[in-house]
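Below is a colleague's note, set out as numbered points, to be read alongside the sequence and the structure.

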Amino acid sequence: MELSNFCQYDKKFAFKIIGNLIKSKRESLHISEESYAQHLNVTPQEISKIESGIRYLKDFEFSKTVIFLELTQPELLEILYIIESKYLLNMYRALDANFPK
Amino acid sequence: MQTFQSKFDKIAFSFINDVGLPLNQAPTALSMKSGDFLNWWSQPNSSKAITTKNIKSLAQYLHINEDSIISGSYDKSLIRRRLFESPLSLPDTYSNNSLSYIRSSSHIIRYITITKGQLFADKFLRDLNISPLLYENLDNKINIKYFIDLLDQLIRYRFNQEDLDIIASLLLLGIKGTPLHLEYLKAKSYYDCYCTFANTINQLESNFEYHADISKTQFHLVTYFHFDKHFFTNEVKSFERLLRYRTLFLGWIPRLSNLEPALPKTKIIKTQNYIQEIHTVDLLDQDINLRGLKLVL
């Protein structure tokens, strides 16, 4: 699954959710920020930014992350579903008179 | 009277005595070596053995809020049931009128787990005195007060209304691949989807009384929540939060059948005895795909 799949709706939110997933997966695997940073060839400070969605992952970093943190297809589909649902919600909020005030 | 070296020694000693924590379980519960525990237990006033880390471990072991141990406001009866009956025992406040299946909130816990991690999600549940293991079986039941508290706690944990709206649209995360989801996947139209909803709503919850009327052109759903039969919160905001959640939740039901969401027109009538919700979806409008969305999933 490519990074562009996640970014087609709301890039900012997508990277926030991806960052959350990365952080929770990294912690559950007991991988330190330093090891992950070394793997991506970035600084640990950048990892903090990636995990909080401030610094956007590049395509090759995303691919490396998927393998390094063993992110599975169902996990990625779940976050895609969340991103897509938020996009739909915002659209319905703007366009649908039945959206709760 | 015992004197203690630290307040945590005193708290742990009193707690173990009060709830009757079996001494063979205590070292594990406190994350201590058996020898260290026995030394401390035989002379609890001789050293500072217990720290916040041990209290945290004790709370995790019993699936309860750690602050309640420190403040002494823990539910003794619940703890004893957890120790001697089942770790899945519910607090009394959530076990009366248990008419909701855990599957109706499993997507919320899944969302918290995905976005904040397993440890955070477990702590979130422990703060409600709920064992995370409860979600291992989606057929476990609980009452509506739990659901209201769950939404309130999300706000306390700094999730905002937008997050709650997103959560209302994520039922799929909790039921993906289950027989209920497979039922929804068989539906090829809004009509089929709402028929499935009407036939299976009791697999989610039955706190509300549901009267569904489905024709080829309209889905009409009237629900009643009777105050005399159920817990009712006096917190108007909490209940309004629940009703808003339910409207969005209903609007996203078609997504379970890979259809676009369809927000109902909703009217809420409050009387002294009950709350009535009237939801209407015009199915003809939904069949015309004006928005032309191409959804990934």
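**Notes on the interface and on two helices**

1. Between chain A and chain B the count of salt bridges is four. One of the pairs that meet in a salt bridge is formed by the side chains of A:Lys86 and B:Glu162, with an N to O distance of 3.6 Å. Please keep in mind while reading that this is a predicted model.

2. Polar contacts between the two chains should be read next to the salt bridges, and here the count is seven residue pairs between chain A and chain B, both residues of each pair being at pLDDT 80 or more. On the side of chain A that touches chain B, helix H2 (11-28) and helix H6 (73-95) of chain A each supply at least two residues, and the largest share, 17 residues, comes from H6(A). Sorted by class, that side of chain A has 17 nonpolar, six polar and six charged residues.

3. As to the extent of the interface, 29 residues of chain A are in contact with 30 residues of chain B. The size of an interface is often given as the accessible area that is lost when the parts come together. For chain A and chain B, the area buried between them is about 2800 Å², and 65% of it lies on carbon and sulfur atoms.

4. Turning to chain A by itself, which residues of helix H3 (residues 33-40) are buried? They are A:Tyr36, A:Ala37 and A:Leu40, and they lie on the same side of H3(A) because the arc they cover around the axis is only 100°. An α-helix has 3.6 residues a turn, so residues three or four places apart point the same way. The cover over the buried residues of H3(A) includes H2, helix H4 (44-51) and helix H5 (59-68) of chain A. Just after H3(A), the backbone deserves a look at A:Asn41, which takes a positive phi of about 65°.

5. In chain B, helix H3 (residues 34-42) can be described in a similar manner, its buried residues being B:Phe37, B:Trp40 and B:Trp41. These residues cover an arc of only 100° around the axis, and therefore they sit on the same side of H3(B). Among the elements that cover the buried residues of H3(B) are helix H1 (7-19) and helix H2 (26-30) of chain B. On the face of H3(B) that is turned away from its buried side, the exposed residues are B:Asn39 and B:Ser42.

Technical notes. Residues numbered from 1 in each chain as written. Chains lettered and ligands numbered in written order. Predicted model: local features only at pLDDT ≥ 70, side-chain atom pairs only at ≥ 80, totals over all residues. Heavy atoms only, no water. Buried < 20%, exposed > 50% of the residue type's maximum accessible area, 1.4 Å probe, protein only. Helix = DSSP H or I, 4+ residues; strand = E, 2+ residues; numbered from the N terminus. Arc of directions from axis to C-beta. Contact = heavy atoms within 4.5 Å. Buried area = accessible area lost by both parts, 1.4 Å probe. Polar contact = N/O pair within 3.5 Å; in protein donor to acceptor, adjacent residues only side chain to side chain. Nonpolar A, V, L, I, M, F, W, Y, C, P; charged D, E, K, R; others polar.
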